[in-house]
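Colleague: I would like a close look at one part of this model, the salt bridges and what they join. Please keep the answer in plain terms and take it one step after another.

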Amino acid sequence: MDTTSKLAIQELLSRSAYALDERQVDMLRDTFSESAALVVDIAGVDGEARFEGRDAIMGLMTDSMAEQSDQRRHVVTNVFFEAASADRATVVSNITITSVAPDRQAIRLVTSGLYRDEVVMEGGQWRIASRRIILDMAY
């Protein structure tokens, strides 16, 4: 995989986080493939939550947005590629989630963890085909 593709994939991960934080639903939807899968695994919580298909994933995301009155920031760092080819890659990154209170008087760490993403070239752009979120603690 060339450097241009790697940079485009890193931008995809950043765009996904930005879209979620800024509640840009159409932009967020466009970061996932139509058949995407999402698994959420939280340390200390039995079982995993699974969402199959972009519509199910977007339902989770928009429901979460509706419940939050704070300003979340999903900070994606330490991105590296476990495997890569011309049209598919396995990417691991750290996720740190912060929250600013509605009154803008406090900021707190919500949780941290890992993203394990499978990304694919689809329709001329990179999209998330599967994402496993491994959180260090519940929030």
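What does Arg29 count as in terms of relative accessibility? Please start there and work outwards to the partners and the sheet.

Modeller: Everything below describes a predicted model. Arg29 counts as partly exposed, because its relative accessibility is 30% and that class lies between the limits of 20% and 50%.

The partner of Arg29 is Asp55: the two form a salt bridge, in which the closest N and O atoms are 3.0 Å apart. Arg29 belongs to helix H2, residues 25-30, while Asp55 belongs to helix H3, so this pair links distant parts of the chain, 26 residues apart. Asp55 has a relative accessible area of 59%, so it falls in the exposed class, which begins over 50%.

Helix H2 also holds Asp30, which forms a salt bridge with Arg127. Here the closest N and O atoms are 2.8 Å apart. Because Asp30 lies in helix H2 and Arg127 in strand E6, this pair ties together parts that are 97 residues apart in sequence. Asp30 is partly exposed, with 35% relative accessible area. Arg127, by contrast, counts as buried at 12% relative accessibility, because the limit for that class is under 20%.

Strand E6 takes part in another such link. Arg132 and Asp41 meet through their side chains in a salt bridge, at 3.7 Å from N to O. Arg132 is in strand E6 and Asp41 is in strand E1, so parts that are 91 residues apart in sequence are tied together. Both ends are partly exposed: Arg132 has 26% relative accessibility and Asp41 has 23%. This pair does not stand alone, as Asp41, Glu48, Arg50 and Arg132 are linked in a network of salt bridges. For the whole structure, the number of salt bridges is 12, and the pairs named here are among them.

Now to the sheet that holds these strands. The sheet is open and has 6 strands with mixed pairing, in the order E2-E1-E6-E5-E4-E3. At its edges are strand E2 (49-52) and strand E3 (71-84), each of which pairs on one side only. From one strand to the next, the twist averages 20°. In the order just given, E1 stands between E2 and E6. Strand E1 covers residues 32-42, and 4 bridges join E1 to E2, the two running antiparallel. Within that pairing, Val40 stands opposite Ala49 in E2.

Two helices lie against these strands. Helix H1 (residues 3-21) lies across E1, E3, strand E4 (88-100), strand E5 (107-122) and strand E6 (125-135), and runs at about 155° to E3. Helix H3, the helix of Asp55, spans residues 54-67 and packs on the sheet, where it touches E1 and E2. The direction of H3 makes about 50° with that of E1.

Charged side chains also meet rings in this model. The charged end of Arg131 sits over the ring of Tyr115, 3.8 Å from the ring centre. Lys6 has its charged end over the ring of Phe81, at 5.1 Å from the centre. Pairs between aromatic rings are another matter: their count comes to 0.

Terms used
Residues are numbered from 1 along each chain as its sequence is written. This is a predicted model: local features need pLDDT of at least 70, side-chain atom pairs count only at pLDDT 80 or more; totals for chains, interfaces and linings use all residues. Side-chain values use heavy atoms; hydrogens and water are left out. Two strands pair if DSSP finds at least two bridges between them. Helices (H or I, at least four residues) and strands (E, at least two) are DSSP runs, numbered from the N terminus. Axes are lines fitted to C-alpha atoms, for helices over the stretch in contact, and angles run from 0 to 180 degrees between N-to-C directions. Contact means heavy atoms within 4.5 Å. Rings of Phe, Tyr and Trp (its six-membered ring) pair if their centres lie within 6.5 Å; planes under 30 degrees apart count as stacked, over 60 as edge-to-face and the rest as tilted. A charge sits over a ring if NZ of Lys or CZ of Arg is within 6 Å of the ring centre and within 35 degrees of the ring normal. A salt bridge is a side-chain nitrogen of Lys or Arg within 4 Å of a carboxyl oxygen of Asp or Glu. Buried means under 20% relative accessible area, exposed over 50%, partly exposed in between (1.4 Å probe, protein chains only).
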